[in-house]
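Student: I have a structure to study and would like to go through some parts of it step by step. Could we begin by looking at it together?

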Amino acid sequence: MAKSLLLLASVVVFGNVAIHSAFAPDLIVDMAKILLDNYCSPEKLTGMQEAIDAASSNTEILSIPDPDTLASVLTGGVQSTINDPRLVISNEPNYVPAVAPALPPLPPDQLIGVLQSSIKLEVLEGNIGYLRIDHIIGEELADKIGTLLLELVWKKILPTSALIFDLRYTGSGDLSGIPYIVSYFTDAEPLIHIDSVYDRPSDTTTEMWSMPTLLGERYGTKKSLVILTSANTKGIAEDVAYCLKNLKRATIVGEKTAGGSVKIDKIKIGDTDFYVTVPSAKSINPITGKSWEVTGVTPDVEVDAEDALAVAIKIINLRAEIPAILEATGTLVADNYAFENVGADVAEKLAAASGDYNLISSKVDLETKLSADLVTLSGDKCLKTTHSTPPLPPMNPSPEMFIELIKVSFHTDLFENNIGYLRFDMFGNFEEVQAIAQIIVEHVWNKVVNTDALIVDLRNNVGGATTAIAGFCSYFFDADKQVLLDKLYDRPSGTTKELWTLPELTGARYGSKKSLIILTSRATAGAAEEFVYIMKKHGRAMIVGETTNGASHPPETFRVGDSDVFLSIPTTHSDTAQGPAWEGAGVTPHIPVPADAALDTAKGILNKHFAGAKK
């Protein structure tokens with residue numbers, strides 16, 4: 001890397017014409033020494049010393065006559081080889097180092113005017129605080145004007161319900177101000193390791209910790225904090241944003257920041273008019289082990305800087321609704337979830353977890369987290385958020401349309417030894433099925449009812465309505481005796497419904513004597529599981545395949561309070577004294593095989609049975 005810098009400095013970029021020297025090679029040597037002694041990431045400078053030694057013995061003269069051109073060439077070489085755009089070599093004959101002016105002993109009224117012109121403070125609608133500062137002051141200045149800041153600014157911020165901290169225009173600041181700002185948004189105890197800053201010239205690392213005592217009260221950790229950023233947010237402001245983001249105390253909204261540095265020095269190269277601008281210190285975040293420098297701070301919600309304030313207000317208003325949404329969710333689950341004890345437990349734990357929603361930034365975030373929490377707390381993948389789907393407009397299909405629909409909804413086949421095969425992937429609503437029962441019988445059922453054995457394939461059946469379950473089960477039992485198939489407990493009404501086989505059916509029964517095998521997979525869910533559970537419980541079918549999904553009876557949709565968040569809540573369960581029948585756990589097959597092997601396995605079982613019967 002360092003040798004390439006020397007090469008850049010010695011290349012003649014003016015064709016093959018030799019140009020007499022204007023600068024001595026000591027310029028390169030001195031520049032390299034400055035980088036070695038001051039650049040914040042010395043690990044990137046491997047080989048620099050060898051390059052210095054080589055340059056020291058080089059008697060050739062730099063051949064670029066124009067100092068600004070030379071500075072540009074050197075800058076390009078340094079930046080590309082070290083991969084750091086903050087390194088700049090400049091030619092500045094008239095440069096005078098800037099010295100921060102001391103704060104003059106202004107009378108109180110003038111000092112108040114200075115502060116009011118440099119800090120913008122508002123309380124927006126909804127008791128949302130807005131604070132903009134364009135320079136982050138350090139410890140020394142804070143000690144001098146802290147009381148005024150407390151009275152003029154902080155005491156007006158404290159009563160707000162949430163705060164928008166605008167750093168979009170903050171391009172300067174003092175390193176010692178970082179712990180002050182961060183500490184006002186953390187608790188007094190325990191102390192938090194905020195940042196570590198490595199200083200290259202002194203070769204020391206300074207740890208920054210939250211402060212146990214502060215002037216005035218803390219804003220604390222409960223109220224929402226949103227930080228606004230832009231491409232102009234630079235240096236110390238970036239560190240503040242990065243610290244609070246990784247402490248999960250603030251949400252960053254706006255643009256990716258500049259990727260500056262906590263400390264930049266401008267150092268004269270020997271006795272020349274050239275200077276090296278070099279980052280001499282770097283931040284190392286104790287949580288990520290990384291830095292925001294060069295790369296910048298990536299916002300949680302990336303929007304154009306000019307839109308950031310409006311987006312922040314929208315986020316805070318959404319968060320203000322969350323406590324009521326969580327409370328209403330808990331009530332709905334406690335009152336309606338199929339398993340009462342589980343529902344009450346979920347509601348209690350959800351209320352305790354309200355603080356985990358402090359960083360929600362959108363309705364999608366809220367729904368995603370709420371779903372994940374409901375599933376985790378209940379162990380039920382069907383208890384989750386959902387969307388309200390408007391009912392389909394009424395249709396009056398012709399018989400021909402019904403026939404075509406049935407053809408694509410059902411698949412039948414006839415295998416060797418008069419083994420029937422029936423596949424359908426969704427259970428229909430009883431009223432809908434009843435209306436077309438005769439068509440189904442004629443175009444589907446009559447193709448398999450007279451077989452000697454039947455394979456019902458539910459490997460791709462994802463559920464549907466359970467209202468037709470009793471009717472479908474009835475085809476596989478005899479008419480002379482009604483059978484209690486299952487009891488379904490409905491939580492909202494507190495009633496139990498008994499499912500019995502039906503005395504009358506459309507079409508012929510398959511009966512209870514002929515062999516029946518049901519194929520299942522992990523995708524078999526809901527109403528299909530109830531059917532499999534009933535047939536297995538009554539010993540009417542052999543189950544071949546995989547354990548079913550472990551879903552639930554068809555859930556009901558509930559609106560959460562006045563919000564536009566909706567919940568999918570299973571309200572019904574098979575009534576067993578032992579707890580869930582198949583809900584959650586699924587139905588275990590008699591013959592466990594991979595789903596794609598289930599059909600061949602079932603055919604093999606039946607063929608073997610018929611072969612034995614013939615002997």
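Student: What span should the 13 residues of helix α10 have, and how far apart are its end C-alpha atoms?
Tutor: Please keep in mind that this is a predicted model. At 1.5 Å a residue, the 13 residues of α10, which run from 340 to 352, should span 18 Å. That expectation agrees with the model, because the end C-alpha atoms of the helix are 19 Å apart.

Student: Where on α10 do its buried residues fall, seen down the axis?
Tutor: The buried residues of this helix are G343, V346, A347 and L350. Seen down the axis of α10, these buried residues fall within an arc of 100°, so they line one face of the helix.

Student: Which residues are exposed on the other side of α10?
Tutor: The buried residues of α10 have a cover that includes α9 (308-336) and α11 (363-378). On the other side of the helix, the exposed residues are N341, E348 and A352.

Student: How are α10 and α11 oriented to each other?
Tutor: The axes of α10 and α11 come within 9 Å and cross at roughly 130°. The contact is made by V342, V346, K349 and L350 of α10 together with L370, D373, L374, L377 and S378 of α11. Given the crossing angle, α10 is to α11 oblique.

Student: Which residues does A508 touch, not counting those up to four places away in sequence?
Tutor: A508 lies in the loop between β19 (495-500) and β20 (515-520). Although A508 and V449 are 59 residues apart in sequence, their C-alpha atoms are 7.2 Å apart in space. With those sequence neighbours left out, A508 touches W445, V449 and Y475.

Methods. Residues numbered from 1 in each chain as written. Predicted model: local features only at pLDDT ≥ 70, side-chain atom pairs only at ≥ 80, totals over all residues. Heavy atoms only, no water. Helix = DSSP H or I, 4+ residues; strand = E, 2+ residues; numbered from the N terminus. Expected span 1.5 Å × (residues − 1). Buried < 20%, exposed > 50% of the residue type's maximum accessible area, 1.4 Å probe, protein only. Arc of directions from axis to C-beta. Contact = heavy atoms within 4.5 Å. Axes fitted to C-alpha atoms, helices over the stretch in contact; angles between N-to-C directions. Parallel < 35°, antiparallel > 145°, perpendicular 65-115°, else oblique.
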